[in-house]
Amino acid sequence: MTVIDECLFDMDSIWIEDYELRPLRRNDYGLVSLLSELTEVGEISEQAFTDRFDLLKLHKSSYVIVIVNKNRIVACATLVIENKFIHQCSNVGHIEDVVVGSTERGKRLGIVLIDQLKKMAQLLHCYKVTLNCNERNVGFYKKSGLIDNGIQMVHYYHE
């Protein structure tokens, strides 16, 4: 079982030699380790992972894609769909949690992930896709066809 309906996933148009681009699967617990290269993940058991996977599958508003090499997840990204009233009740796609493993950087895997999520967002009737990033990553995302468009404001809740 994957978190994405296969009809949204364009595996034919994006291909990387020796790598597999695919939707996240229920047994892809290795994702947790990769995400720890991006941010603090905390302790997530395999049961908690599968419970969250099932929730994502049920809600159909978050789509996680991965790139696999030699049975190991080496890159991932998420598309979150926000339903809007504006633009004739359209949607906005938010690209989140883009991470390429430290040993795989420089191989254009991140650009492949972004391209795939942009195509999925279009199929899901998004009128735009947004991505918040650290200033040091702006150059990379511009290479992916995104443009700088404003300032992100944030309020964090701490335990």
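**Exercises on salt bridges**

Arg22 is buried, having a relative accessible area of 6%, in a model that is predicted.

**Exercise 1.** Classify Arg22 and Glu20 as buried, partly exposed or exposed, and state how their side chains meet.

*Solution.* Begin with Arg22, whose relative accessible area of 6% falls under the 20% cut-off, so Arg22 counts as buried. Turn next to Glu20, which at 34% relative accessibility is partly exposed. Finally, consider the contact itself: the two side chains, of Arg22 and Glu20, meet in a salt bridge with an N to O distance of 3.7 Å, which satisfies the requirement of being within 4 Å. Glu20 and Arg22 also belong to a network of salt bridges that includes Arg25 and Asp28.

**Exercise 2.** Determine which parts of the chain the salt bridge between Arg26 and Asp54 ties together.

*Solution.* First establish the pair: the closest N and O atoms of Arg26 and Asp54 are 2.6 Å apart. Then locate each partner, with Arg26 in the loop between strand E1 (20-23) and helix H1 (31-35), and Asp54 in helix H2 (residues 46-59), so that the pair ties together parts 28 residues apart in sequence. As to accessibility, Arg26 is partly exposed at 34%, and Asp54 is partly exposed at 26%.

**Exercise 3.** Work out how many residues apart in sequence are the parts tied together by Arg105 and Glu37.

*Solution.* Arg105 forms a salt bridge with Glu37, their closest N and O atoms being 3.4 Å apart. Because Arg105 lies in the loop between strand E4 (91-100) and helix H4 (109-123), while Glu37 lies in the loop between H1 and H2, the pair ties together parts that are 68 residues apart in sequence.

Notes
Residues numbered from 1 in each chain as written. Predicted model: local features only at pLDDT ≥ 70, side-chain atom pairs only at ≥ 80, totals over all residues. Heavy atoms only, no water. Buried < 20%, exposed > 50% of the residue type's maximum accessible area, 1.4 Å probe, protein only. Helix = DSSP H or I, 4+ residues; strand = E, 2+ residues; numbered from the N terminus.
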